[in-house]
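Please open the structure in your viewer and keep the selection tool ready, since this tour moves from one selection to the next.

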Amino acid sequence: MSSRREFITLLCGAAVAWPLAARAQQRERMRRIGVLMSAVEGDPTGLEYITAFAQALAELGWSVGHNVRIEYRWGAGDLDRFRRYAAELVALSPDVVLASAGSIVGALQQASRTVPIVFVTTIDPVGGGWVESLSRPGTNATGFASFEFSMSGKWLELLKEIAPGVKRVAVVRDPSVPAGSGGLAAIQTVAPSLGVELTPVGVRDAGEIERAR
């Protein structure tokens, strides 16, 4: 439940992040927002998120069908769909696009380097190459990082407390996801001080996880 509340809070923050200048001009023409969700269409939690987003916009004076139109796309966790829907949304010339996952930001930036993107629940926007830094994005994307990589090192410390005799640890990760590099780096940093030999294991699907055991 806490992660759900955090996501909704980030969505509401994304609504606030829409430039003040645009809000001041909202009566001039119908604005268009693209929303690309990573969930399956009809997913109850996803519907809760977009409802909260629309409510936050309404509180800021944006009325759907009156001065703003929202175009939703549901990627269902599929990278090909992310790319296809990103291209569709960019073709609609939106004023801004909301991205609910880091891989969606990447797909949107492949489609356009000028359309403003606001991201939420993104683990490592810097490591993923979507922004230059958290304080100065330097690209057409900005938003909220939902994870602090120093916590990854804490996981290894906790494992060592639970099983002090552990000397070798495997880190199972998907190397095709750029966001994971920051977490691995944090674990690698603390491993020597804990006397642990670290072995990264790259997996991309359930079959590879089984073979890596």
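Two strands are said to pair if DSSP finds at least two bridges between them, and helices (H or I, at least four residues) and strands (E, at least two) are DSSP runs, numbered from the N terminus. This is a predicted model, in which local features need pLDDT of at least 70 and side-chain atom pairs count only at pLDDT 80 or more, while totals for chains, interfaces and linings use all residues. Residues are numbered from 1 along each chain as its sequence is written, and side-chain values use heavy atoms, with hydrogens and water left out.

Select β4 and strand β5 (residues 141-145), which pair in the parallel sense over 4 bridges; here Ile117 has Ala141 in β5 as its bridge partner.

Next add β3, which pairs with β4 in the parallel sense over 3 bridges, and find Ala99, which stands opposite Phe119 in β4.

Now show α5 as well, because β3, α5 and β4 make a right-handed β-α-β unit, where right-handed means that, with the strands pointing away from the viewer, the path from the first strand over the helix to the second runs clockwise.Colour β4 by burial: 5 of its 6 residues are buried (under 20% relative accessible area, with exposed over 50% and partly exposed in between, using a 1.4 Å probe and protein chains only), so β4 is largely enclosed by the rest of the structure.

Then turn to the largest nonpolar core, a set of buried Ala, Val, Leu, Ile, Met, Phe, Trp, Tyr and Cys residues joined through side-chain atoms within 4.5 Å. Of its 19 residues, Ala99, Ile104, Val105 and Leu108 touch the most other members. The elements α4 (79-91), β3 (96-99), α5 (102-111) and β4 (117-122) each supply at least two residues of this core.
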